[in-house]
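Open your viewer and get ready to select a few residues. We will go from stop to stop, and at each one you will see what is there.

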Amino acid sequence: MTGATVRIAIAGSGCVLPSGWGVQRFWSAASEARSGIAVLQSKVFHSERVAAFGHVSDEDHQTSRQDVAQNLQRYCPPAVIWGVSAVRQALAEAGLEPGNDSLRYGLYCCQGGYTHPSLAAYGELLHECRDESGADMRRLAQRVLQERALDPFLVLKSLSNGLLGIVSLALKLECECNAYMQGVAGNLAALREACAALQSGRVDAAIVVGAGSELDPLALAALAEAGVISTNGSQTLRAFDRQGTGGIAGEGAAALILRRVDDLPDGPQTCLSALFAHPRLGSLNLPDKQVDLLVSSASGDPQKDADLARTLARAGAAHITSSVPVTGILSGAPSLVDLILARNALLAQRVPPIIGLQQPVDPHLPFVLGEGRDAVLRDCLIINRDDNGFSACYQLDYQSTD
Amino acid sequence: MSATRIVITGMGAVTGFGFEWQTLWEKMLGAEHCVRLWQPDGVEDGTFPVRYAAAVDMSLLPEALQDHPAWTFALEKRSRFGWVAATQAVNDSGLAPEQLRDAAVLCASGAPQHMLADMLLTQAPDGRAPGWQHLMPRAGEVNADGSLRQGNDRLARVIADGLGCEGPVINISSACAGASQAIGNAFQMIRRGEVSVAIAGGADSVLNLDTMAALYLLGAASSEQRWGVDLCRPFDRDRSGLIAGEGGGFVVLESLEHALARGATPYAEVLGFGSSLDAYKVTAPQPEGRGAALAMQAALDDAGLRAQQIDLINAHGTSTPLNDVAETLAIKSVFAEHKHYRSLAVSANKSQFGHLIAAAGAPECMVTALACLNDLVTPTVNLHELDEQCDLDYCAGQAVSRRVDFALSNSFGFGGLNTSLALGKYREHTQ
């Protein structure tokens, strides 16, 4: 976006997160310092070392299902259903109805990771087809093929572009599209392509959606092995805190509708004015001028957060907050969720606190402790760091009608 | 159209034909294919209904590549192919390591392929019902080179780290259109001035029991026996489904300015990229090819080309009953003016090296670039009796020598995603 003259605004947003269904629930949770992280619960596995998770509730999942036609749900792992629901929320806020308006749309998706839904079914099959020397593959093949014991739709559910396909089917979108899979980097790529399509004039409205869940024993085991999540039974994620005990994974979906500012009616706008990225956090470009608010990802690991804090110090922000203690560490929509938080902060002129923060890793930085506070906010920087080291920076500016 | 021109300066392909794009091109011009008998591991008695595939033949691995770290790194099979292909593309381009520092890596890799040994870990040692809980205590036994241990962006990161690329690293997930989207996105990034060099492509292998069984049960994979190894026959009356291949393909894209400054010779120019969605069904194309037509038209518009300028369509051409008719109808609708579709050469590479799924678009883009470079069109092999609804010139049976100034390369995917790349013969000056 650097050098681009066409201003891009967030015209709508939606989410299904551990904090609840919808942006209002997310913003309330963040403002009131209510974490969506809870005791880890799963029907298929149990872990004592990984004790907490940012779950999307069953109730919110059922609410989201209302947004996806029955005949499509068989193709959908839960995160895809949340993604469709988030997109519908965002479109509603933006006042858009694809198919009933004359706008040209673009759809840019990011999934958090592969799902492995066929493994459980496969495990049962293997159990039935085991002999003394191991698995009887011929018998297994016969079971799979003759009795259709392996549901082919289970494989389709693990399609990495399932979110893209289902959103397009649910909304009858025949438009330009892209699909990515890679946390912060995927979010950045989707946002970058969406902005470029708007700025070039190819599309009039860009739908950017991310969704994912790490509620899978192997995904969690991999995150634990990589040091991304805590394995000490911790129940809380303490961001930027010297007493932090590590990360906690979460799940959910978020969506944004981007439009050209000039195409929107007069009124306050939150404009996405810059995107930067670099594989190394220390080399990440930051805007020259100081910003009023900084929203940052966090790991919950004191050493990693102290490293991150050194980069945050370069931004010279008046206030620093984080959404991670609200949702857990998200795989599919980390940057989109932070953009939603930042947008709401700018619109409300209020800074939510960092939940649970007591002893900041850097006492000189303006982390928001305790309760939220009112503040004059004209711009916000969002800094995201992935567990693979990839880092991104976004700038959001508030343009009032004054 | 932008003033920035983007060219292909390096190519690498690992397919059933071998480990170099030169071999691929030579064999394809010779109207060969690399479909062979194939059976899943452990089911070697001929009872598995899918009997043929275009597998990578490791006996063809040249000595020069035997020491490549891909063969010893903890990687899925597809990622090994991809890393080798990407390395070859960079070597082919002549780019020095310091010239790669700011390069972007855009990589498509398909859905993960589970290893049977890993899945057996879900079995209880005492005969109780299987489940995840049995696997967790044995997590240390999960194969390091299996999908369960591999992050979804593993290949992209390995390529970036291995080649010293510090630019954007982007993992594409667009099913069978993945590599095409990776190349299209790379093209767009260079055109916008975000990077000067990009390595883009993909890698995939679905040659295992569970994925091939799923493709069979969905009606996508052919179980036909009567044609033997010649059963991949796009646009033929007797086509019966896709024939899976495996491998990887990567191209090096550069701004022309960057390429010329270092003395590189482009293979071809990338001129445009288009994408669309069918919004029809998850597993079937829109019957009239509406989405495919939208993608081709978008690529033409993006390239600033008129339909009449196109000489060649490198078709998605899966050999499935639904795709080939829908794609034909799409081509006829986009090139309807003056019945230009009658003048087009249409070629289906999958008849020669199978369907590389997420990677398919990369070698097909290379073949399209080589067609522009050499004015040679590779054939659609095994095409003997045209389907009555498939009535274009598909270059059946043998390569065709004809002028190729501009071409489209189509890739469509499950989920109703369509992409099309517009390529052109490289000329020093634009017309």
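Which residues does Ser323(A) touch, not counting residues up to four places away in sequence? Keep in mind on the way that this is a predicted model. Select Ser323(A), then add Ala30(A), Val295(A), Val337(A), Asp338(A) and Leu341(A): these are the residues that Ser323(A) touches.

**Stop 1: around Ser323(A)**

Ser323(A) sits in the loop between strand E13 (319–321) and helix H12 (324–327) of chain A. Is Ser323(A) buried or exposed? Ser323(A) has 30 other C-beta atoms within 10 Å, and 20 or more count as buried, so Ser323(A) is buried. Now select Val56(A) as well: Val56(A) and Ser323(A) are 267 residues apart in sequence, and their C-alpha atoms are 15 Å apart in space.

**Stop 2: helix H13**

Next, select residues 334–348 of chain A, which form helix H13. Of the 15 residues in H13(A), 13 are buried, so this helix is largely enclosed by the rest of the structure. You can check its length too: at 1.5 Å a residue, H13(A) should span 21 Å, and its end C-alpha atoms are 21 Å apart, which agrees.

**Stop 3: where two helices pack**

Add helix H9, residues 183–200 of chain A. The axes of H9(A) and H13(A) are 7 Å apart, and the two helices pack at an angle of about 65°. That makes H9(A) roughly perpendicular to H13(A). To see the contact, select Gly183(A), Val184(A), Asn187(A), Leu188(A) and Leu191(A) in H9(A), which meet Pro334(A), Ser335(A) and Leu336(A) in H13(A). By class, this contact has 5 nonpolar, 3 polar and no charged residues.

**Stop 4: two positive phi values**

Most residues other than glycine have a negative phi. Now select Gln349(A), which follows H13(A) and lies in the loop before strand E14 (350–351) of chain A. Its phi is positive, near 50°. With 14 other C-beta atoms within 10 Å, Gln349(A) is partly exposed.

Then go to Ala33(A), in the loop between helix H1 (23–31) and strand E3 (38–39) of chain A. Ala33(A) is not a glycine, yet its phi is positive, about 60°. Ala33(A) counts as partly exposed, with 19 C-beta neighbours inside 10 Å.

**Last stop: the domains**

Zoom out and colour chain A by its domain assignment: domain 1 is 8–116 + 158–399, and domain 2 is 120–154. How many Å separate the centres of the two domains? Taken over C-alpha atoms, the centres are 39 Å apart.

Notes: Residues are numbered from 1 along each chain as its sequence is written. Chains are lettered from A and ligands numbered from 1 in the order in which they are written. This is a predicted model: local features need pLDDT of at least 70, side-chain atom pairs count only at pLDDT 80 or more; totals for chains, interfaces and linings use all residues. Axes are lines fitted to C-alpha atoms, for helices over the stretch in contact, and angles run from 0 to 180 degrees between N-to-C directions. Helices (H or I, at least four residues) and strands (E, at least two) are DSSP runs, numbered from the N terminus. Angles under 35 degrees count as roughly parallel, over 145 as roughly antiparallel, 65 to 115 as roughly perpendicular and the rest as oblique. Two residues are in contact if their C-beta atoms, placed from the backbone, lie within 7 Å. Ala, Val, Leu, Ile, Met, Phe, Trp, Tyr, Cys and Pro count as nonpolar, Asp, Glu, Lys and Arg as charged, and the others, Gly among them, as polar. The expected span of a helix is 1.5 Å times one less than its number of residues. A residue is buried if 20 or more other C-beta atoms lie within 10 Å of its own, exposed if 12 or fewer, and partly exposed in between; C-beta atoms are placed from the backbone. Domain bounds come from an automatic or database domain assignment.
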